[in-house]
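This report goes through a few local features of one protein chain. Please look at the sequence and the structure before reading on.

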Amino acid sequence: MSYEVKSLNEECGIFGVWGHPDASKVTYFGLHSLQHRGQEGAGIVSTDGEKLYGHRDLGLLAEVFADERQLNRLVGNAAIGHVRYATAGNGSVDNIQPFLFKFYNGSYGLAHNGNLTNAKSLRKRLEQEGAIFHSNSDTEILMHLIRKSHRPTLVDQLKEALNQVKGGFAYLLLTEEAMIAALDPNGFRPLAIGQMKNGAYVIASETCALEVIGAKFVRDVKPGEIIIINDEGIQIDQYTTDTQYAICSMEFIYFARPDSNIAGVNVHTARKNMGRLLAKEAPVEADMVIGVPNSSLSAASGYAESSGIPYEMGLVKNQYVARTFIQPTQELREQGVRMKLSAVRGVVEGKRLVLVDDSIVRGTTSRRIVQLLKEAGAKEVHLRIASPPLKYPCFYGIDIQTRKELIAANYTIEQMREMIGCDTLSFLSEQGLIDAIGLNFDAPYTGLCMAYFNGDYPTPLYDYEEQYRKSLKEKTEFFKG
């Protein structure tokens, strides 16, 4: 397992449907709207009530199912699917989900979004007890725990297993008889339930996936819940009552699509509020506001609206270039910024710019964008970040598990400004972020996980505790060589 941070990478996206004659095709369309959550691999498992059928491979969803016959083979009225970015486990096809397990007394499809913080110790224990793993993904652990349980029903076995795994997880489990969803006790990852016009139930990582298939939002899956869907309808159960909302704040800042709602909050609205509050916290005299496409456009419009500075399109994104974090080397990644973004010289030349971005991880991308704008004739570039400085690793499903490449963990804001090459640099405050998202939770709980900014983790770190302590002592020199 590699802990070297490459960039701010999405976790994964999961989708499931029960009760639709074209279940695998509905799942394909649902996953397509979640493609932003994972571009490394994809898969679908379906059932006709007697057997489970599966197909998975490396690549984008459209590449994995380029041959329509592969989708047509996934028959049945129920299916679950997964788009993947590796948070635990390497990039081999063995780690692509959903996993399909076949036993003498039934089959299971399993998909997982998140990261278990006690996976290493659980796996060691299971292997010592004779378990054989076919992947190095932490997802497989749950199935071993289910199969080792002696409880009478699958739901009881699942409850026992879920109380042993720790960290961030949203699971989808498919059998011949039911589709079951489960969410961790903190609700780190979003999970929504919808219903289609024919009565079919769907479950998805984001509500945008419900919209694309014409499903009506029913409710969010709540922390500690198990949702059981079968031909008789939907049943809501719990595996624990020891719950406390800590929704990943990066979902609102960067990961989720702007047309999704999380815990009743529209993502675009939250981002626009981040921009508005950022303009109040960090005003500057300028001629125009521009955003980094696409995840920062909402915040940029909020900054412009609040400040009264005109919003302009100073950067254009090439929609046909893969995201820069896919590039295997730093040199290629930096070249990827120029391939992906172009500065509009006719707009920015001779102007004082407010450049709004959602976050800074290494700072290399920010430096290249500032350089692009100055090469295009920008007179000044004032960088405004619509989130607090990222200083701490994440262990719940985002691929930031070391401080070594988090520039804000190692340098002051003024040092970062010099390295990036902008004229001024400011970040949104933690309170500003909390207020912008506006979840309605009683104090002192915000309902958000803010650990990336302040190191206040809502759960024990288990297997990552030693790694985290070690990372606090690490320091890396940026932009050398």
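How many cavities of 30 Å³ or more are there? The count comes to two. The model is a predicted one, and the sections below take up the cavities, the backbone and the packing of helices.

## The largest cavity

The largest cavity holds about 80 Å³ of space. Its lining is formed by Leu-183, Gly-187, Arg-189, Pro-190, Leu-191, Asp-220, Val-221, Tyr-245, Ile-247, Ile-262 and Ala-263. By class, this lining has eight nonpolar residues, one polar residue and two charged residues.

One of the lining residues, Ala-263, also has a backbone feature to note. Ala-263 is not a glycine, yet its phi is positive, at about 50°. The residue sits in the loop that runs between strand E15 (261-262) and strand E16 (265-266).

## Cis peptide bonds

Which bond at Pro-98 is cis? The peptide bond that leads from Gln-97 to Pro-98 is cis, and its omega is near 0°. Pro-98 is found in the loop between strand E4 (78-84) and strand E5 (99-103).

A cis peptide bond also joins Pro-293 to Asn-294, with omega near -5°. Here the proline comes before the bond, and Asn-294 follows it. Asn-294 belongs to the loop between strand E17 (288-291) and helix H10.

## Helix H9 and its contacts

Two packed helices are described by the angle between their axes and the distance between the axes. Helix H9 (residues 267-281) and helix H10 (residues 297-307) pack with their axes 6 Å apart, at an angle of about 45°. H9 and H10 are therefore oblique to each other. The crossing of H9 past H10 is right-handed. From H9, the contact takes in His-268, Arg-271, Lys-272, Gly-275, Arg-276, Leu-278, Ala-279 and Lys-280. From H10, the contact takes in Ser-298, Ala-299, Ser-301, Gly-302, Tyr-303, Glu-305, Ser-306 and Ser-307. Sorted by class, the contact of H9 with H10 has four nonpolar, seven polar and five charged residues.

H9 also packs with helix H16 (residues 430-437), where the axes come within 8 Å and cross at roughly 140°. Is H9 parallel or oblique to H16? The crossing makes H9 oblique to H16. The crossing of H9 and H16 is right-handed. On H9, the residues in this contact are Ala-270, Asn-273, Met-274, Leu-277 and Glu-281. On H16, they are Gly-432, Leu-433, Asp-435, Ala-436 and Ile-437. Six nonpolar, two polar and two charged residues make up the contact of H9 with H16.

## Helices H4 and H5

Helix H4 (residues 119-128) and helix H5 (residues 140-148) form another packed pair, with axes that come within 10 Å and cross at roughly 45°. This makes H4 oblique to H5. Is the crossing of H4 and H5 left-handed or right-handed? The crossing is left-handed.

H4 brings Ala-119, Leu-122, Arg-123, Arg-125 and Leu-126 to the contact. H5 brings Ile-141, His-144, Leu-145 and Lys-148. By class, the contact of H4 with H5 has five nonpolar residues, one polar residue and three charged residues.

How values were computed. Residues numbered from 1 in each chain as written. Predicted model: local features only at pLDDT ≥ 70, side-chain atom pairs only at ≥ 80, totals over all residues. Heavy atoms only, no water. 1 Å grid on protein atoms, 1.4 Å probe; cavity = no way out; pocket = protein on both sides within 12 Å on 5 of 7 lines; lining within 4 Å. Points joined across faces, edges and corners; volume = space filled by probe spheres on them. Nonpolar A, V, L, I, M, F, W, Y, C, P; charged D, E, K, R; others polar. Axes fitted to C-alpha atoms, helices over the stretch in contact; angles between N-to-C directions. Helix = DSSP H or I, 4+ residues; strand = E, 2+ residues; numbered from the N terminus. Parallel < 35°, antiparallel > 145°, perpendicular 65-115°, else oblique. Left-handed = near helix turned anticlockwise from the far one by under 90°. Contact = heavy atoms within 4.5 Å.
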